[in-house]
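User: I have the sequence and the model open in front of me and would like to go through it with you. Let's take it one question at a time.

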Amino acid sequence: MYTEDNLIQLSALQHMVFCPRQCALIHVEQTWAESGRTAEGRIMHERVHEQDAESRGNVRIERGVPLRSLRLGLIGKSDVVEFHKIGEGKWIPFPIEYKLGKPKADDCDKVQLCAQAMCLEEMLGVEVSSGAIFYGRTRRRLDVEFDDALRRETGEAAKKTHELIESGITPKPVYAKRCESCSLAAECLPKTIQKKRSVKNYLARILVE
Ligand code: SF4
C-alpha cells in the first residue's frame, strides 16, 4: 500500500509502457515538448473535462472525475466516466479515455484505462469490468475488457513506474519504431545517442585489445 505522499501520476503508466525513457524524461527530468500534436491533445482533454455532467436515460455522464488508488499508488483524472444504472440505487462505472491518434501496437492506452478502472473500484467498492478508448484519427471506439491479464500488466506497470521514478535514473535511448511517433524524439535524440554509444564502446574495446 502506498500513502498520499508517494502517489504518482496515473498517466505515467501510459508513458512507461510506451517507453521507459520517455516516462523518465517526463516524470523524472520534467521534460515536456509542446508540439502541434501534444497541444491538440491537451486542448481536446481540456474541452472534454470542461463539459457539464449530463444524464441520458439510465446513463449518467461525469467528466474530469478525480481518481486515486493507494494500492497502485496513483492519482489522476478520468476524461469521462459513464455510470450505467443496473437497478434501484445501483450504478456501474464505465471509464472512457479520449486519444487523438489511432490504436497502438502495445497496451499503453489499455493499461492507462485499466488503471482508471482499478482506481474507481478502490474508491467506490464496485467491480468495473469494461471501459472504452475513443480514437480521434479513426473516430472509432475501442471497447476494453479488464481481464486478469490486463490487470496484472497494469499492476506490474505501476510497480515499475514507481521504481523508475524513485531511482531518478533516466534509461539510455533504444531506437525503435515507436520513436517515430514519440513527442520527445527531438529532445531524446535516440539515433544520435545510440550511435555515439556504439562508437564509444568500439573505441573502449579496441583500446583494451
Ligand atoms: S524517442 Fe524513442 S527512445 Fe526516446 S523517449 Fe521517445 S520512444 Fe523513447
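User: Arginine 139 lies in the loop between β6 and β7 (140-145). Is arginine 139 buried or exposed?

Analyst: Glad to help, and first a word on the source: this is a predicted model, in which local features need pLDDT of at least 70 and side-chain atom pairs count only at pLDDT 80 or more, while totals for chains, interfaces and linings use all residues. Residues are numbered from 1 along each chain as its sequence is written, and side-chain values use heavy atoms, with hydrogens and water left out. Buried means under 20% relative accessible area, exposed over 50%, and partly exposed in between (1.4 Å probe, protein chains only). Arginine 139 has a relative accessibility of 62%, so it counts as exposed.

User: And what is the phi of arginine 139 near?

Analyst: Arginine 139 is a residue other than glycine, yet its phi is positive. The value is near 50°.

User: Where does glutamine 30 lie, another residue with a positive phi?

Analyst: Phi of glutamine 30 is near 55°, and this residue too is something other than glycine. With a relative accessible area of 62%, glutamine 30 is exposed. Its place is the loop between α2 (20-27) and α3 (36-50).

User: How many helices and strands does the protein chain have?

Analyst: Elements here are DSSP runs numbered from the N terminus: helices are H or I with at least four residues, strands are E with at least two. Read from the N terminus, the order is β-α-α-α-β-β-β-β-α-β-β-α-α-α. That chain has seven helices and seven strands.

User: What percentage of the protein chain is buried?

Analyst: The C-alpha trace spans about 80 × 35 × 30 Å along its principal axes. Among the 209 residues of the chain, the buried share is 40%.

User: How far apart are the end C-alpha atoms of helix α4?

Analyst: Helix α4 covers residues 108-124, which makes 17 residues. The expected span is 1.5 Å times one less than the number of residues. For α4 that gives 24 Å, and the model agrees, because its end C-alpha atoms are separated by 24 Å.

User: How many residues of α4 are buried?

Analyst: Just after the helix comes glycine 125, with a positive phi near 65°. Helix α4 itself is largely enclosed by the rest of the structure, because of its 17 residues the buried ones number 13.

User: Which element gives the most to the largest nonpolar core?

Analyst: A nonpolar core is a set of buried Ala, Val, Leu, Ile, Met, Phe, Trp, Tyr and Cys residues joined through side-chain atoms within 4.5 Å. The largest one has 25 residues, and those touching the most other members are Leu10, Leu13, Leu67, Leu74, Val144, Phe146 and Leu150. Two or more residues come from each of β3 (59-69), β4 (74-87), α4, β6 (130-135) and α5 (148-167). With eight residues, the element that gives the most is α4.

User: Which residues of α2 are buried?

Analyst: Helix α2 is largely enclosed by the rest of the structure, because seven of its eight residues are buried. They are Arg21, Gln22, Cys23, Ala24, Leu25, Ile26 and His27.

User: Where does the ligand sit?

Analyst: A cavity is defined on a 1 Å grid over the protein atoms alone, as a set of points where a 1.4 Å probe fits but cannot get out. A molecule sits in one if more than half of its atoms lie within 2 Å of its grid points. By that test, the ligand sits in the largest cavity.

User: How many residues of each class are in the shell around the ligand?

Analyst: The residues around the ligand (those with a heavy atom within 4 Å of it) are Phe18, Cys19, Gln22, Val174, Arg178, Cys179, Cys182, Ala185, Cys188 and Pro190. Ala, Val, Leu, Ile, Met, Phe, Trp, Tyr, Cys and Pro count as nonpolar, Asp, Glu, Lys and Arg as charged, and the others, Gly among them, as polar. The shell therefore has eight nonpolar, one polar and one charged residues.

User: One last item: how far apart are the C-alpha atoms of glutamine 9 and isoleucine 75?

Analyst: Glutamine 9 belongs to strand β1 (residues 8-9). At 42% relative accessible area, glutamine 9 is partly exposed. Although their positions lie 66 residues apart along the chain, the C-alpha atoms of glutamine 9 and isoleucine 75 are separated by 5.2 Å.

Note on methods
On a 1 Å grid over the protein atoms alone, a cavity is a set of points where a 1.4 Å probe fits but cannot get out, and a pocket is an open set with protein on both sides within 12 Å along at least five of seven lines; lining residues have an atom within 4 Å of a point.
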